[in-house]
Amino acid sequence: RWSRDELLAEVAPLPQPVELEVLATHEISPDALLLVWRSVGAEPALRSSLWVRVGGHWRQRFHQGTRER
């Protein structure tokens, strides 16, 4: 099992800024949004992120990315 700090050390910060192209947004509920996007740059990928609003703040709850070839 990973601690929060260990997990963040693996996934953040990104080595360089990432540009994104929003492909679609889907409102799951008033407090949940699915964002489908493409990261562009050296390693382009198709991505989806689930965002949930908790206490007035948006938090990413899930993210998945698949490299494009």
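A salt bridge here is a side-chain nitrogen of Lys or Arg within 4 Å of a carboxyl oxygen of Asp or Glu. Keep that in mind, as several stops on this tour use it.

This is a predicted model, where local features need pLDDT of at least 70 and side-chain atom pairs count only at pLDDT 80 or more, while totals for chains, interfaces and linings use all residues. Residues are numbered from 1 along each chain as its sequence is written, and side-chain values use heavy atoms, with hydrogens and water left out.

**Stop 1: the sheet**

Switch to a cartoon view and look for the strands. Helices (H or I, at least four residues) and strands (E, at least two) are DSSP runs, numbered from the N terminus. Two strands count as paired if DSSP finds at least two bridges between them. Strands of a sheet pair through backbone hydrogen bonds, either parallel or antiparallel.

Here four strands make an open sheet, ordered β1-β2-β3-β4, with antiparallel pairing. Select β1 (19–29) and then β4: these stand at the edges with a single partner strand each, so one side of each has no neighbour in the sheet. From one strand to the next, the twist averages 20°; axes are lines fitted to C-alpha atoms, for helices over the stretch in contact, and angles run from 0 to 180 degrees between N-to-C directions.

**Stop 2: β2 to β3**

Now pick residues 32–40, which are strand β2; eight bridges join β2 to β3. Click on serine 39 and you'll find alanine 45 of β3 standing opposite. Between these two strands the hairpin has four residues, and glycine 41 there takes a positive phi near 140°.

**Stop 3: β3 to β4**

Move on to residues 45–54, strand β3, which pairs with β4 in the antiparallel sense over ten bridges. Two residue pairs are good to highlight: serine 49 has histidine 63 in β4 as its bridge partner, and tryptophan 51 stands opposite glutamine 60 in β4. The β3–β4 hairpin has two residues between the strands, and glycine 55 in the turn has a positive phi of about 60°.

**Stop 4: glycine 65**

Stay on β4 (residues 57–67) and select glycine 65, which is found in this strand. Is glycine 65 buried or exposed? Neither quite fits: glycine 65 is partly exposed, at a relative accessible area of 40% (buried means under 20%, exposed over 50%, partly exposed in between, using a 1.4 Å probe and protein chains only). Leaving aside residues up to four places away in sequence, glycine 65 touches Leu46 and Arg47, where contact means heavy atoms within 4.5 Å. Try a distance from glycine 65 to serine 49, too: the two are 16 residues apart in sequence and 8.8 Å apart in space, C-alpha to C-alpha.

**Stop 5: the salt bridges**

The structure holds four salt bridges. Show the side chains of arginine 38 and glutamate 21, whose closest N and O atoms are 3.3 Å apart. The pair links distant parts of the chain, with arginine 38 in β2, glutamate 21 in β1 and their positions 17 residues apart.

Which other residue meets arginine 38 in a salt bridge? Add glutamate 68, at 3.0 Å from N to O. Glutamate 68 sits in the segment after β4, 30 residues apart from arginine 38. Through shared partners, Glu21, Arg38 and Glu68 are joined into one network. Colour the trio by accessibility: arginine 38 comes out partly exposed at 21%, glutamate 21 is partly exposed at 36%, and glutamate 68 is partly exposed at 29%.

Next, select aspartate 31 and arginine 53, a salt bridge with its closest N and O atoms 2.9 Å apart. Aspartate 31 lies in the loop between β1 and β2 and arginine 53 in β3, so the pair ties together parts that are 22 residues apart in sequence. Aspartate 31 is partly exposed at 37%, and arginine 53 is partly exposed at 33%.

**Stop 6: helix α1 and a nonpolar patch**

Finish at residues 4–11, helix α1, where leucine 8 is found. Leucine 8 is partly exposed, with a relative accessible area of 37%. Now turn on the surface for Trp2, Leu7, Leu8 and Val11: together they make a nonpolar patch of about 410 Å². Patches are made of residues with over 30% relative accessible area and no salt bridge, with like charges joined within 9 Å and nonpolar side chains (Val, Leu, Ile, Met, Phe, Trp, Tyr) within 5 Å. The accessible areas come from the Shrake-Rupley method with a 1.4 Å probe, and for residues only the protein chains shown count as cover.
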